[in-house]
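Here's a quick briefing to read with the structure open beside you. It goes through some annotated spans, then helix packing, then a salt bridge.

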Amino acid sequence: MEAQGTEVITHPGLQSYPYASMLAFNNTVLSRPIFSFIGIPGLEAAHMWISIPFCLLYLISLAGNALLLILVRAEQNLHEPQFYFLAMLALTDLGLSLSTMPSVLAIFWFDIHHIGLDACLTQMFFIHTFSSVESGVLVAMAFDRLVAISAPLNYNRILNHYTVACLSGAALIRGAALLAPLPFFLRTFPFCGSNILSHSYCYYPDMLNLACGDVTFSSAYGLIFVLCTFAVDAVFILASYMKILATIMKLETQDRNWRSLHTCACHLCTVLVFYLPLISLSVLHRYTQDTSPVLYTTMSNAYLLMTPLLNPLVYSLKSRQIQAALRKRFWVQRVIAGE
């Protein structure tokens, strides 16, 4: 009992946590483990103020992605494969935002740090599934740009409605099918520690680090999942752009080269927005043990918050078709309001 009362929890980027002894006691007494989110260590007193920018960012993300969905549905000139994939991307970003928002805002608004096993596994499943689906959609968008530049005369024949539906469905089925075993793996393990999660949401590697027992198979499956999704997708995207670049270099004039490359600018920005936080978080999680708690928590929140936030902004600023649709919608609203 003395060891429990004086236990210090060591985590990547964390020194100690005030709820450690209480959670250790609760997890010893209860048959179902209880996990705890950390918020931002050292800034607990300012959580209410920190919640204001977080809330605004979530609202902008939800509004921006919902607006993209409305535009693609309402505007006839956006009924093209690239914008169908954009709608799928916006829908996935909405899912990511709604998956993380409850736990993040519960920490900052209501100082609620605890979550049960079933709720944590559910959140983890949706977060990783939506991330995998988004990666698959980015591959489909790269394929769309490849066909548009390398085989423009066959674009409508290759990327018809059936192809778009198959690519989108494949991304969804792959993500859900590969993620389905992970919650069952974690349910088989006992959680005998204080179960302090180093993120503001439930994250599979984080939960696996807290499990007691031999986690070799579960850890290997997690690595296989990453290789079969994010790594394979990154290779396909890289190969697509190498082919696109080779095709563009064969074009006769510099003007045509620039215009062709400009059509890929939105997608390239989206790929960077998605993969850079993902890679940064993975590096912090695996290879750094003495990272600043504030930096570690900021990166973990940026991983799932900035992607849904920036994607609508990227396409609003870079896509001329989206800009035209926005101007048309707001102009019609102004005319109606003027009447």
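Residues 122-143 are 100% helix and 0% strand in this predicted model, and the C-alpha atoms at the two ends sit 32 Å apart. That span is one of those carrying the UniProt annotation "transmembrane region", which comes from an unreviewed entry.

**Annotated spans**
- The UniProt record lists residues 48-71, 83-110, 122-143, 164-186, 220-241, 261-283 and 295-317 under "transmembrane region".
- Take residues 48-71 from that list: the chain there is 100% helix and 0% strand, with end C-alpha atoms 35 Å apart.

**Helix 5 against helix 7**
- Helix 5 runs over residues 117-150 and helix 7 over residues 161-179; they pack at an angle of about 150 degrees, with axes 8 Å apart.
- With an angle over 145 degrees counting as roughly antiparallel, helix 5 and helix 7 are therefore roughly antiparallel to each other.
- Their crossing is right-handed.
- On the helix 5 side, the residues making the contact include Phe125, His128, Phe143 and Gly136, and helix 7 brings in Leu167, Arg174 and Leu179, among others.
- Sorted by class, the contact of helix 5 with helix 7 has 10 nonpolar, 6 polar and 1 charged residues.

**Helix 4 against helix 5**
- Helix 4 covers residues 81-110, and its axis comes within 9 Å of the helix 5 axis, crossing at roughly 160 degrees.
- That makes helix 4 and helix 5 roughly antiparallel to each other, and this crossing is left-handed.
- The class split for the contact of helix 4 with helix 5 is 14 nonpolar, 8 polar and 4 charged residues.

**Helix 4 against helix 7**
- The axes of helix 4 and helix 7 come within 10 Å and cross at roughly 25 degrees.
- Angles under 35 degrees count as roughly parallel, so helix 4 and helix 7 are roughly parallel to each other.
- The crossing of helix 4 and helix 7 is right-handed.
- Pro81, Tyr84, Phe85 and Met88 of helix 4 meet His161, Val164, Leu167 and Ser168 of helix 7.
- The residues of this contact divide into 6 nonpolar, 2 polar and no charged.

**Salt bridges**
- The count comes to 3 salt bridges.
- One of them pairs Asp118 with Arg187, where the closest N and O atoms are 2.4 Å apart.
- Asp118 lies in helix 5 and Arg187 in helix 8 (residues 181-187), so this pair ties together parts that are 69 residues apart in sequence.

How values were computed:
Residues are numbered from 1 along each chain as its sequence is written. This is a predicted model: local features need pLDDT of at least 70, side-chain atom pairs count only at pLDDT 80 or more; totals for chains, interfaces and linings use all residues. Side-chain values use heavy atoms; hydrogens and water are left out. Axes are lines fitted to C-alpha atoms, for helices over the stretch in contact, and angles run from 0 to 180 degrees between N-to-C directions. Helices (H or I, at least four residues) and strands (E, at least two) are DSSP runs, numbered from the N terminus. Angles under 35 degrees count as roughly parallel, over 145 as roughly antiparallel, 65 to 115 as roughly perpendicular and the rest as oblique. A crossing is left-handed if the near helix is turned anticlockwise from the far one by less than a right angle, and right-handed if clockwise. Contact means heavy atoms within 4.5 Å. Ala, Val, Leu, Ile, Met, Phe, Trp, Tyr, Cys and Pro count as nonpolar, Asp, Glu, Lys and Arg as charged, and the others, Gly among them, as polar. UniProt positions are given in the numbering used here, feature names are shortened, and annotations may be inferred rather than shown by experiment. A salt bridge is a side-chain nitrogen of Lys or Arg within 4 Å of a carboxyl oxygen of Asp or Glu.
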